[in-house]
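Dear colleague,

Please find the structure below. My notes on it come after.

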Amino acid sequence: MRISKPYLRSTSIQCYLCLLLNSHFLTEAGIHVFIFGCISAGLPKTEANWPYVLSDLKRLEVLIQSTHIDATLYTESDIQPNCSVTAMKCFLLELHVICQESNDMDIRDTVQNLIILANSNLSSNGNITETGCKECEELEEKNVKEFLQSFKQIVQFFYSSGRQ
C-alpha cells in the first residue's frame with residue numbers, strides 16, 4: 001500500500017512549470033523565472049494540511065487495531081485554546097514513541113508522514129511560547145487508542161479554527 005505524501009505534491013509541478021518557461025524564454029527574464037521558481041519549490045507551503053493529518057490519523061487507528069502496541073503516552077485530554085501549540089508539540093513528540101514501539105513499516109511510515117505534515121502546519125506557530133501550560137511529562141499517561149482520540153481532537157481544533 002502506498003502512503004500519500006502531500007507535503008511533496010506541489011514541488012514537482014513548480015519544477016515542471018519552471019522548465020517549461022525556461023525552454024520557451026531563453027532570455028534573462030526566463031532564467032530569472034526559472035531560478036525563482038526553483039527557490040519557491042523549496043519554501044514552506046502556506047496551505048494547511050490538517051485534512052491530510054486527519055486522514056493519516058484515521059489510517060493509523062486502523063493499522064493499530066491489528067497490532068499490539070503496549071505503550072502509554074503522555075496525553076492532553078483537556079486542551080485549552082491558549083495551550084494548543086504546546087499540546088500539539090507534546091503529541092508530536094509522543095508519536096515518536098509509537099514509531100519506536102512498532103515493527104510495522106506501514107505504521108512507521110504513517111507516523112513519520114503525520115509528524116512531517118503537522119510540523120509543517122505548525123511552522124508559523126513554532127516559536128510561540130505559551131505560558132501556564134503543562135509540560136509533556138506532567139500529562140496523564142494513556143494507551144495508544146486514547147492517545148490517538150485526543151490527538152484527533154486537537155487536530156480538529158486546529159483545522160476548524162483555521163490555524164496553520
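The notes cover the fold, the core and one helix pair.

This is a predicted model, in which local features need pLDDT of at least 70 and side-chain atom pairs count only at pLDDT 80 or more, while totals for chains, interfaces and linings use all residues. Residues are numbered from 1 along each chain as its sequence is written, and side-chain values use heavy atoms, with hydrogens and water left out.

The protein has six helices and two strands (DSSP runs: H or I of at least four residues, E of at least two, numbered from the N terminus). Their order along the sequence is α-α-α-β-α-α-β-α. Of the 164 residues, 37% are buried (under 20% relative accessible area, 1.4 Å probe, protein chains only).

The largest nonpolar core (buried Ala, Val, Leu, Ile, Met, Phe, Trp, Tyr and Cys residues joined through side-chain atoms within 4.5 Å) has 32 residues. Helices H3 (50-65), H4 (84-101), H5 (105-122) and H6 (144-161) each give two or more residues to this core, and H4 supplies the largest share, eight residues. Met 88 is among the residues with the most contacts inside the core. Beyond its neighbours within four places in sequence, Met 88 is in contact (heavy atoms within 4.5 Å) with residues including Trp 50, Leu 122 and Phe 151.

H4 and H5 pack at an angle of about 165°, their axes 9 Å apart (lines fitted to C-alpha atoms over the stretch in contact, angles from 0 to 180 degrees between N-to-C directions). H4 is therefore roughly antiparallel to H5 (over 145 degrees). Met 88 of H4 and Leu 122 of H5 are among the residues that make the contact.

Regards

Terms used: Buried means under 20% relative accessible area, exposed over 50%, partly exposed in between (1.4 Å probe, protein chains only). Angles under 35 degrees count as roughly parallel, over 145 as roughly antiparallel, 65 to 115 as roughly perpendicular and the rest as oblique.
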